[in-house]
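Q: Could you walk me through one part of this structure up close? Pick a single helix and tell me how it sits among its surroundings.

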Amino acid sequence: MAVGRRDGKAGPDVLRRAGEASVLVLISLAGGPRHGYALIQDIKELAGVELGPGTLYGALDRLERLGLIEPLPAEDRRHPYRITAPGAAALRVHLDEVERVSAAGRLRLQLGGI
Amino acid sequence: MDEPRVARLVQAALRCYPARWQRRHGDEAAELATLLIRDGTPAGSVALSYLAGAAREWLTPRPVRQPVRRPRRRPGRRLSAAACALLAAACSLGVSAGLLASAGPARAASPSPARPPAPCQPARCQPGSAEPVPAVGRPQVIIRVAGHGRSC
């Protein structure tokens, strides 16, 4: 998911280096607050990707450090998370960027006659 | 794999995380592992994911919150912790492979012809025991001496 600029400057797309797991977690949380198990199930359904629990917690910690998600009060032993306003904005920017690159790729495939 | 063994494997993997992480996510992570294994995810895969996560957790630099002087730590501590986590992963994989090998009909699938059981020499195996030591829960080691297979 390394979509971004090659000029070395930190662009507004803060998710470009966050990794695929982080983007998937953010997309899942865009649908509402979820805890770990629900996130894994939702991402499996949504993208066909089975996130390992270690990968999931790594992504959650990274996103929380970036201020893109926040934990909600614990329910029993489970800690639900929700997307923050900066998280939603970052996801929007990232998806726009992915869409732009995807469109460019499709156009090139058409022009190249492949 | 039986449940207590699975739980031990996952607990061992979770213990590889830093204490701060264990305090925060430990209980939930253990519960999540139980749910995933119940859903059919292989226990080894869950444990391995946690071990890889632990290695990443130790190696990821954290922002320093307090500019307070702390006692100097050994420089290789993070690396050795990561190496420890990887070693534990390798060991757990080895144990799992051993369990699989011992549980399956390894002898039936063996291409070598069946030999009559040779008496195990006490001097070469265990002192005071004329019987071969049964290898329960681990693969049998076959020592070939002068063309005879002996289980020790």
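**A close look at one helix**

A: Let's start with the whole chain: read along the sequence, chain B runs α-α-α-α-β-β, so to speak four helices and two strands. Keep in mind that this is a predicted model. Of the 152 residues in chain B, 18% are buried. And among its contacts between residues at least 6 apart in sequence, 62% join residues at least 24 apart.

Now zoom in on H2 of chain B, which covers residues 19-38. That's 20 residues, and the helix reaches 27 Å from its first C-alpha to its last, close to the 28 Å expected at 1.5 Å a residue. There's a bend in H2(B), though: about 65° at B:His25. That residue, B:His25, is also one of the buried ones, along with B:Ala29, B:Leu32, B:Ala33, B:Leu36 and B:Ile37.

What do the buried residues of H2(B) pack against? Part of the answer lies in chain B itself, with helix H1 (3-14) and helix H3 (43-59). The rest belongs to chain A: helix H2 (36-47) and helix H3 (53-65).

That brings us to the contact between the chains, which takes 15 residues from chain B and 11 residues from chain A. On the chain B side, H2 and H3 each supply at least two residues, and H2(B) gives the largest share, nine residues. Sorted by type, the chain B side has eight nonpolar, three polar and four charged residues.

Last stop: just after H2(B) comes B:Gly40, with a positive phi of about 115°.

Technical notes
Residues numbered from 1 in each chain as written. Chains lettered and ligands numbered in written order. Predicted model: local features only at pLDDT ≥ 70, side-chain atom pairs only at ≥ 80, totals over all residues. Expected span 1.5 Å × (residues − 1). Bend = angle between axes of the 7 residues up to and from the residue. Buried ≥ 20, exposed ≤ 12 C-beta atoms within 10 Å, placed from the backbone. Contact = placed C-beta atoms within 7 Å. Nonpolar A, V, L, I, M, F, W, Y, C, P; charged D, E, K, R; others polar.
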